[in-house]
Amino acid sequence: MALTSLIAEQYYCEEKVELKLVRGDVSTPEMCEGERIHEEVLAMKPARLEELVAGIVSGRRYGCRFPLLAEVEGVPVAGVPDLLVFESGRPVEVIELKTTKRIPSYPWKANKVQALVYGLLLDLMGFDCSGLKLTVCYVRRGWELVPLLRSALVLRDARRRLEEKHPDDLRVFTFSYDRLEAESDVRWALSYWRGEREPIPHEETREVREVRVP
């Protein structure tokens, strides 16, 4: 099974992914800080399956998270998005929260790929993704106003106002889900999972990544 987060990481360095699969994850202070921010911003009340379904089909704007799983080109792919937003019974936004030392001026390819793959999984699971938006939200580590994101993340207007006030601490990039683009990105990544090639080192992966950035 291929994990969405690792597929995204392939667009940074496949040799790093290979090392992680062999030796496991190594915790760093940056990772711990990122996990803390995720827990603070994305804390949710546990819900039973019937409650989750009721929230989705209610028609109102509803934020939640749950595992996604589908077979893509013969390989099971799974992952849990940071936040899914439903409206009128269909997914309208996938939100990925990323913590960073410095706010980027454009979304990094690996992060965009991760959001695209989540969209593809929703699509393959039978959801109507015709109006789906994919959002990558960058938050500067150490920002003292991080708690404000908890109520603003689901609401686009509140999120935009917060971004305008704190451009050096928060940056939000939103783009439309494109199934063909998602399939193209996944196709390249899954050739590694099927054992059709060796992992590509960072410098060569960067060339692949840069060619694919619009």
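In this predicted model, Val77 is in contact with Ala2, Thr4, Ile7, Leu68, Leu69, Ala70, Val72, Val117, Leu121 and Leu190, when residues up to four places away in sequence are left out of the count. Val77 also belongs to the largest nonpolar core, which has 40 residues. Together with Ile7, Phe66, Leu84, Leu134, Tyr177 and Leu190, Val77 is among the residues that make the most contacts inside this core. Helix α5 is the greatest contributor to the core, supplying nine residues. A second core of 19 residues is separate from the largest one and includes Ile37, Cys137, Val139 and Leu149. In soluble globular proteins, nonpolar side chains tend to be buried together.

The strands of the model include five that form an open sheet with mixed pairing, arranged in the order β2-β5-β6-β7-β8. Strands β2 (62-64) and β8 (170-176) occupy the edges; each has a single partner strand, and therefore one side of each is left without a neighbour in the sheet. From one strand to the next, the twist averages 20°.

Within the sheet, strand β6 (residues 90-100) and strand β7 (residues 133-140) run parallel and are joined by eight bridges. Val94 stands opposite Leu134 in β7, and Leu134 is also one of the residues with the most contacts inside the largest nonpolar core.

Helix α5 spans residues 109-124 and lies across β5 (83-87), β6, β7 and β8. The direction of helix α5 is at about 155° to β6. The helix that lies across these four strands is thus also the one that gives the most to the largest core.

How values were computed:
Residues are numbered from 1 along each chain as its sequence is written. This is a predicted model: local features need pLDDT of at least 70, side-chain atom pairs count only at pLDDT 80 or more; totals for chains, interfaces and linings use all residues. Side-chain values use heavy atoms; hydrogens and water are left out. Two strands pair if DSSP finds at least two bridges between them. Helices (H or I, at least four residues) and strands (E, at least two) are DSSP runs, numbered from the N terminus. Axes are lines fitted to C-alpha atoms, for helices over the stretch in contact, and angles run from 0 to 180 degrees between N-to-C directions. Contact means heavy atoms within 4.5 Å. A nonpolar core is a set of buried Ala, Val, Leu, Ile, Met, Phe, Trp, Tyr and Cys residues joined through side-chain atoms within 4.5 Å. Buried means under 20% relative accessible area, exposed over 50%, partly exposed in between (1.4 Å probe, protein chains only).
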